[in-house]
Amino acid sequence: MTAQIIKHIFDPWQAIAKHQEAANLSQKFGATATFVGTMRDFNDNADVSAMTLEHYPAMTAHYLEKLIEEAKIKWPLLDVLIIHRVGEITSSETIMLIACWSAHRRASLDACNWLIEELKHRAPFWKKETRPDGERWVEKNTDGL
Amino acid sequence: MTIHVKFFASLKDKLNLEDTTVEQANTAGQAWDIATDNADRPSNVLVAINLEYAQFDDTIKAGDEVAFFPPVTGG
């Protein structure tokens, strides 16, 4: 069970494969559910070329670990990986990854969905967008629809 | 009695405050008032005490870390 906050570009699919191999999950899991968040080049009907993700380092680390522990209590998970970028990000780059492994599909699917919603609503990260007319703090997340 | 106070994101820019300390604050709300020199508190400001979400009238003690920030927008 791992939560990482990183400043560099990463490939979510390589991260999943690497973690799965390192965790020695082979032959134990029957389901892997993943969520990959990628930066769009638009938001609220405006072009967005880049953004800066600020966070509250101590609380973010604490909160992500807490989320994973709660998910483990709610569902029979074999493993969880969360990776979230901070710092400068440009469009098409991966912002975050959540991967959940379980013996059967329902646990990993439900846990992955719960983790992304909890993270988006409670984890202390903030986006500042770079638009043609300057920089702007994002005031709230989209409803995801 | 020293309380560590932090501000993040748009709140940090708006108040021009990031890390500071206050003395003699008994609640998170009092820490806000002292640190910001009684600045108006936007209705959507969130507060954390020692890395856990809290309320403005929650009690604080010496050595605590109080953080104020706008709604989160990660993910």
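Author: Let's settle one convention before we start: Ala, Val, Leu, Ile, Met, Phe, Trp, Tyr, Cys and Pro count as nonpolar, Asp, Glu, Lys and Arg as charged, and the others, Gly among them, as polar. Keep in mind, too, that this is a predicted model.

Reader: OK, pockets. By class, what does the lining of the second largest pocket have?

Author: The general idea is that rolling a probe the size of a water molecule over the atoms shows where empty space is left. Here, the second largest pocket holds about 210 Å³ of space. Six nonpolar, four polar and two charged residues make up its lining, including A:Phe10, A:Asp11 and A:Lys18.

Reader: Which element gives the most to that lining?

Author: That's α1(A), with five residues. β1 (2-6) and β6 (77-85) of chain A supply at least two each.

Reader: And how much space lies in the largest pocket?

Author: About 630 Å³. Its lining takes in 27 residues, with A:Arg40, A:Lys120, A:Lys127, A:Asn141 and A:Thr142 nearest the centre. By class, you get twelve nonpolar, eight polar and seven charged.

Reader: Now the interface. How many residues does the contact take from chain A and from chain B?

Author: Chain A puts in 27 and chain B 19. Burial is the next thing to read: about 1,900 Å² is buried between the two chains, 57% of it from carbon and sulfur atoms. On the chain A side, A:Tyr56, A:Met59 and A:Trp126 lose the most area, together 35% of what that side buries.

Reader: How many salt bridges are there between chain A and chain B?

Author: Three. One of the salt bridges joins the side chains of A:Lys66 and B:Glu52, at 2.7 Å from N to O.

Notes
Residues numbered from 1 in each chain as written. Chains lettered and ligands numbered in written order. Predicted model: local features only at pLDDT ≥ 70, side-chain atom pairs only at ≥ 80, totals over all residues. Heavy atoms only, no water. Contact = heavy atoms within 4.5 Å. Buried area = accessible area lost by both parts, 1.4 Å probe. Salt bridge = Lys/Arg side-chain N within 4 Å of Asp/Glu carboxyl O. 1 Å grid on protein atoms, 1.4 Å probe; cavity = no way out; pocket = protein on both sides within 12 Å on 5 of 7 lines; lining within 4 Å. Points joined across faces, edges and corners; volume = space filled by probe spheres on them. Helix = DSSP H or I, 4+ residues; strand = E, 2+ residues; numbered from the N terminus.
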